[in-house]
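Biologist: I am new to this structure and should be grateful for a close look at one part of it. Please set that part in its context as you proceed.

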Amino acid sequence: MIPLHGGYRIISRLLPIARVASLFIFAGGFNGISHAVEMPRRVVMLNAYNLSEPLSAASTAARKRLLERYRGLIGIDVDYLDLLRASDPDHEQRTAEFLRKYAAAPPDVIMTFGSAALPFILKHRDAIAPKAPIVFMAVSPENYSLLKPPSDVTGILLDLDLSRTLSLAERLQPNATRLIVVAGSTRVERLWQNIARRTIEAREKKYDTTYLFEMPFIEVVNELSRLPADAIVLMTSFLVDTTGQSFVPNTASVTFSAASPAPIYTPYISQLGKGIIGGFSETFEGAGEAAADIALEILAGKSAADIPPRRNPDGAYRVDIRAMQRHGLDESRLPPGTIVMFREPSVWERHRVLALTASAIIAVLTALVFALLIQRYRRRIAENLLKESEERMSFTAASVNAGFWQYDPATRELWTTPHSARLFGLSSDALRTRDAFVSAVHLDDRTLAANALETSADTVNDVRVVMPDGQARWIRIRTKSHGERGAPNRLTGIFIDITEQKAAEAEAHQKREEVAHLMRVSAVGELSGAIAHEINQPLTAISTNAHAALDMIPPGSDEFAELRETLQDIIAEDNRASEVIAGLRNLLKKETKSSVSFDVNRLVSETIRLLNSELVARRITTSVELGEDLAPLFGDAVQIQQLLLNLMMNAMDAMADTPPAQRHMKATTRNSDQGTLEIHITDTGSGMPFEQKSRVFEPFYTTKAHGLGLGLTICSTIVRAHGGTLQLTSESGRGAMATISLPAKALLVAAK
Amino acid sequence: MAFTVFIVDDDAAVVKALSRRLRIKGYETLPYTSPQAFLARHDPNVPGCALLDVAMPGLDGLELQKALTDGGSQRPVIFMTGKGDIPTSVRAMRAGAIDFLTKPVRDEALLEAISRAEKWDSESRQIQAELATIESRMNSLTPREREVLSYVVAGQLNKQIAAVLGTVEQTVKVHRRRAMEKIGARSMVELMQIMQRLQPPFHQAGKPLTRRSIDNP
């Protein structure tokens, strides 16, 4: 299929070339057989009248159709016979002579337009193109039958349908009684006069009929002007009046319709638009195309004799709506299918594009306006929300004693929330500039503050601000930098008053320091106690031996005086040493212990709070389970806190190798069944192996690289001093639990 | 038999020095560096005292004192301590210690405590001997004499005792005289003194004999 198709396309493309080539080859010497080869088709169109005559539209339409079909490859000659110039009797002969130009190369088809052209060509064909078939157009059936043309003459019969035109008039003017018929005086028009008479007589409805035939033009006009408005005027063509005066086609009808109060009807479409109502008409364009179709058939090879004359296919009721309106005729009475012409086009129809464009523009503009309104509405909502949000934010910030700020290093402009000014001790009406803020900062921190408001990194700086009353407050400046690195960035940030936080931190720090000091003192005390014991042993032996030696010296013997003195010195020095030890012990002996009532739960919570920063740093979570209705404990609260701190620090140290997610310290307080108060400190650390467990309370026993090994010894001492017990239970690898058991309401044993 | 000081301290140098010092002063000494060794070889009949270190591994001084007392021994005890903490000393003194010496032990304090212990021990032993004599005399009484005597000690008159026993006053007098002769009481006052030193059931009103009551009359 594909190669075949391709082959066809090539042939069709080569065909015109082949034709032209053959023309060159055979045009000279082989004239005689020129018909045998394919020559371009030629058509001669003869118009009965001149170019201004409405009929010319028919030849134009026909020419267009032919050219379309042959894609321009067809020869068409057009001549205007101008047969209405009746004043010159030789005109017809001269025209015929002129047309003999076609005799040398006769056309394939001769087409005639206008009824007068057919009798002309029939008469002169033999001289012009004897064998050319003729296709006529606009010949009435009556005229055709009168002419009796030969068989190779065919074409389109133009039937001016007076009967149907009159029917239209009857429908529009059912009450009319008078009928006036107007016709010109040409040969064809005289034929029409007869047709008109016969038609009207054949009609069912009878009228008071006046035939304005064979009258001078002016008289026709006079007659028409005297008509009543309800009369019907039926008109054929009026090209020439009885005096021989000819009129440019349709000019007569203009005058007639202007003069006549009664509506004028005509089957001639060409007369519409000049005041005539209308009628059953055919268009010359339609007739021209139909004639061209016949010519095409003949050109295609069909014999003209096989094509009988046809009726113009586009006959229809056609009316001028303007004329109808002028005569007050009801449009609703028109028969169905009526083609209403010259309807005053509506603004819409007249300016369709303009209207469409305008509407489109209006629509777009309206949409735009709406969009803008909606946008504006949304923006207002957004602005309100933003404003609310900002107010809320400012309020929230102010409630937590914070302020927001934003700084553009390029313009050196600082924006802040109003509360920020208060944070920096600036008066509420002062300008909130960067310089104002920086100069409110304590001299020592001013560089820090200035940098914080100009940095290109995210920073947190704590600065001191001296308030107007001389009080210093701590302000934390958090800075967030936006934008590319290197370029001057826009900065946003927060001012937060952290004075209380700083104070709490300082307090906690101090408390920790105190406890740490206490631990050191206790450690030294414990240490010196242990050392004293160890040293006192040899001191005892030395002193006792010296005394024994003294007793061994015989009394009163001078030779041993030196020895006695020596031994006495030894005893004296021994005494001095023991006094030093005793003095040291007294010095480090804990201060008189206070025995007060205190709340264990509060002490436990407070101790955990003291360790808070350390717990956070070591990523240890805590939980506290405090028993209810615990009896108040009597004793030294500082010592008990020291004990708790020590045990908690031990628990924290034990979890150094525990994964952070599992690091957890738990503190529990409860009343035990034995009537004692128990405090448990549990960790999730490595626990203790058995041999370790048995030694932890021994002084100087430690598992820590830098431990003294006195922590638990001190703890044990403290607990014992309060009449309680301290136990460590542990499962190796599963954490440990320290249990402090204290007698409720116990008094310090040492205080008894 | 010479007065013996039993020295118990885990520090051998201290034990040796103390032993030397006391021997120079004329005391017999028995040095021990472990409380267990001391307990195992202790003879309560040897007159003397114990010089004990409070802080010793295994068995501390206070526990050792308790062990002695529980064993029926009335051996006077002197404690030595390197720490001198008050609660321990209080407990020790309550348990009947002669003294509580702080290390380094001063020579005078040591000798004074030892001599006090010697005195206490000899007195204690004398009392024990007297009691033993009285007890043997008491054992020589007939049941009737013993019965009569118990009423006499309780302060009953001869006539009353005769009524209770269902006999005559003369018979009671005879029993009474014989009993007093056997015990060795020449007067009623002497009898009462002797009887008071006896443990119940011979007299209900008397206090039990303790070292303290001897030490601090």
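Biologist: How much area does chain A expose, and what share of it do carbon and sulfur atoms supply? After that, please examine closely the open sheet of five strands in chain B, with parallel pairing.

Modeller: The model is a predicted one. Chain A exposes about 40300 Å², and carbon and sulfur atoms supply 56% of that area. This chain has 752 residues, of which 43% count as buried, and its secondary structure comprises 23 helices and 25 strands. When contacts in chain A between residues at least 6 apart in sequence are considered, 65% of them join residues at least 24 apart.

I turn now to the sheet in chain B. Its five strands follow the order S2-S1-S3-S4-S5, the pairing is parallel, and the sheet is open. The edges are formed by strand S2 (28-32) and strand S5 (99-102) of chain B. Each of these two has a single partner strand, so one side of each is left without a neighbour in the sheet. From one strand to the next, the twist averages 20°.

The pairing of strand S1 (residues 4-8) of chain B with S2(B) may be followed in detail. The two run parallel and are joined by five bridges. Within this pair, Phe6(B) has Leu30(B) of S2(B) opposite. Helix H1 (residues 12-24) of chain B packs on the sheet, where it touches S1, S2, strand S3 (48-53) and strand S4 (77-81) of chain B. The direction of H1(B) makes about 175° with that of S2(B). Helix H5 (residues 107-139) of chain B also packs on the sheet, touching S1, S3, S4 and S5 of chain B; the direction of H5(B) makes about 160° with that of S5(B). As a general point, side chains in a regular strand alternate between the two faces of the sheet.

One residue outside the strands deserves mention here. Ala37(B) belongs to helix H2 (residues 35-41) of chain B. Ala37(B) counts as partly exposed because its relative accessibility is 24%, which lies between the limits of 20% for buried and 50% for exposed. Although 29 residues separate Ala37(B) from Val8(B) in sequence, their C-alpha atoms are 9.2 Å apart in space.

For context, chain A contains an open sheet of five strands in the order S20-S22-S23-S25-S24, with mixed pairing. Strand S20 (621-626) and strand S24 (725-730) of chain A stand at its edges, each with a single partner strand, so one side of each lacks a neighbour in the sheet. Neighbouring strands of this sheet are turned by 15° against each other on average, direction ignored. Strand S23 (residues 676-683) and strand S25 (residues 736-743) of chain A run antiparallel and are joined by seven bridges; Ile681(A) stands opposite Ala738(A) in S25(A). Helix H21 (residues 637-654) of chain A lies across strand S22 (664-671), S23, S24 and S25 of chain A, at about 25° to S23(A). Helix H23 (residues 711-721) of chain A lies across S24 and S25 of chain A, at about 135° to S24(A).

Elsewhere in chain A, strand S6 (residues 178-182) is mostly covered, with four of its five residues buried. S6(A) pairs in the parallel sense with strand S7 (residues 208-212) of chain A over five bridges, and Arg178(A) stands opposite Asp208(A) in S7(A).

Note on methods
Residues are numbered from 1 along each chain as its sequence is written. Chains are lettered from A and ligands numbered from 1 in the order in which they are written. This is a predicted model: local features need pLDDT of at least 70, side-chain atom pairs count only at pLDDT 80 or more; totals for chains, interfaces and linings use all residues. Side-chain values use heavy atoms; hydrogens and water are left out. Two strands pair if DSSP finds at least two bridges between them. Axes are lines fitted to C-alpha atoms, for helices over the stretch in contact, and angles run from 0 to 180 degrees between N-to-C directions. Contact means heavy atoms within 4.5 Å. Buried means under 20% relative accessible area, exposed over 50%, partly exposed in between (1.4 Å probe, protein chains only). Accessible areas come from the Shrake-Rupley method with a 1.4 Å probe; for residues, only the protein chains shown count as cover.
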